[in-house]
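Subject: Structure handover

Hi there,

Here is the structure I promised to send over. Please have a look at it in your viewer, and then read on for my notes.

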Amino acid sequence: MTIEYSGTGDPARSLALLWRTRDKPSRRGGDLGVERIVRAAIEVADAEGLAALSMRRVAERLGVGTMSLYTHVPGKGELLDVMLDTVYGETARPDDVPGGWRGRLTQIARENFALYLRHPWLLQVATTRPPLGPQVTAKYEYELRAVDGIGLTDLEMDAVVTLVTGYVHGAVRGAVEAAQAAARTGMTDEQWWQAHAPYLDTVLDPRRFPLAARVGTAAGQEYQAATDPDRAFAFGLARILDGVEVLLRDRDTTGGNTRSASDR
């Protein structure tokens, strides 16, 4: 699997591109612009995967010469940063979400989950050095507001947001792989399970593998597949939020509560 790293471009050029401080019309650039180039790059990555992404491939999709892209985008590193910042802007950010902080974090987790399903190539980008663009910043601001005023310190607020979004990053891989498997094999998980389950019953000895036989059979009958990524995601997210709730409850009993009335 190809792994790319965000934040590898020239800092000054990358930030100028992210915040569009230098995206001015150019005679050499024709009707090209950062927006068109970035959208074409996202389309390439969505359709063909991150390994196919190159300045040349983006130029081909736009029907222009490769060198014309460099009038607007310094290179692939900077382009990847803007691609990330652009797709991060797709997450919905409603003001009123029921369920207090748990409801807000659940909504954030599901929005991030859906984002990865729309753009699976995001799983191939290491973002420990994130693109410091306007959409990344707005997304972070919104996610922090989900836990603002509930009794956490600033560092704990950052840690909870990181915990939830990091969990999504790991948990969504199964859903992405399931979708890709169905597309590439022409067989749904349910069809795969129905084809294999009768033969599995003939070879799996419950005396040798009692737990695998019992639990695996129960799960297979329930999911009609080997796994259910959506259900696993929901279960794991709930346990993470339970842990945050314990932290807040313990702090409440020790006199350190600063939660607002709406979150009690």
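Below is what turned up, beginning with the interior and ending with the backbone.

Please keep in mind that this is a predicted model.

The cavity

Searching the whole structure for cavities of 30 Å³ or more gives 1 hit. The volume of the largest cavity comes to about 50 Å³. Its lining is made up of T91, A92, R93, I108, E111, N112, K139, Y142 and E143. Two or more lining residues come from each of α6 (100-118) and α7. Sorted by class, the lining of the largest cavity holds 4 charged, 3 nonpolar and 2 polar residues. You may want those names at hand when you look at the charged part of the lining, which includes R93, E111, K139 and E143.

The surface patch

On the outside, a nonpolar patch is formed by L15, W19 and L132, and together these residues have about 310 Å² of accessible area. L132 sits in the loop that runs between β2 (125-126) and α7 (134-145). Is L132 buried or exposed? With a relative accessible area of 54%, L132 is exposed, because the cut-off for that class is over 50%.

A buried glutamate

E78 belongs to helix α5, which spans residues 76-88. The relative accessible area of E78 is 8%, so this residue counts as buried; the cut-off for buried is under 20%. If you would like a distance to check in your viewer, take the C-alpha atoms of E78 and D242: they are separated by 39 Å, and the two residues are 164 apart along the chain.

Two backbone angles

Which residues have a positive phi without being glycine? One of them is R20, with a phi of about 55°. R20 is found in the loop between α1 (11-18) and α2 (34-48). The other one I have for you is Q224, whose phi is near 55°. Q224 is placed in the loop between α10 (210-223) and α11 (229-253). As for accessibility, R20 is partly exposed because its relative value is 26%, and Q224 is likewise partly exposed at 26%. That class covers the range between the cut-offs for buried, under 20%, and exposed, over 50%.

That is everything from my side. Happy viewing, and do write back with any questions.

Best wishes

Methods:
Residues are numbered from 1 along each chain as its sequence is written. This is a predicted model: local features need pLDDT of at least 70, side-chain atom pairs count only at pLDDT 80 or more; totals for chains, interfaces and linings use all residues. Side-chain values use heavy atoms; hydrogens and water are left out. Patches are made of residues with over 30% relative accessible area and no salt bridge: like charges are joined within 9 Å, nonpolar side chains (Val, Leu, Ile, Met, Phe, Trp, Tyr) within 5 Å. Accessible areas come from the Shrake-Rupley method with a 1.4 Å probe; for residues, only the protein chains shown count as cover. A salt bridge is a side-chain nitrogen of Lys or Arg within 4 Å of a carboxyl oxygen of Asp or Glu. Helices (H or I, at least four residues) and strands (E, at least two) are DSSP runs, numbered from the N terminus. Buried means under 20% relative accessible area, exposed over 50%, partly exposed in between (1.4 Å probe, protein chains only). On a 1 Å grid over the protein atoms alone, a cavity is a set of points where a 1.4 Å probe fits but cannot get out, and a pocket is an open set with protein on both sides within 12 Å along at least five of seven lines; lining residues have an atom within 4 Å of a point. Grid points are joined across faces, edges and corners, and a volume is the space filled by probe spheres set on the points.
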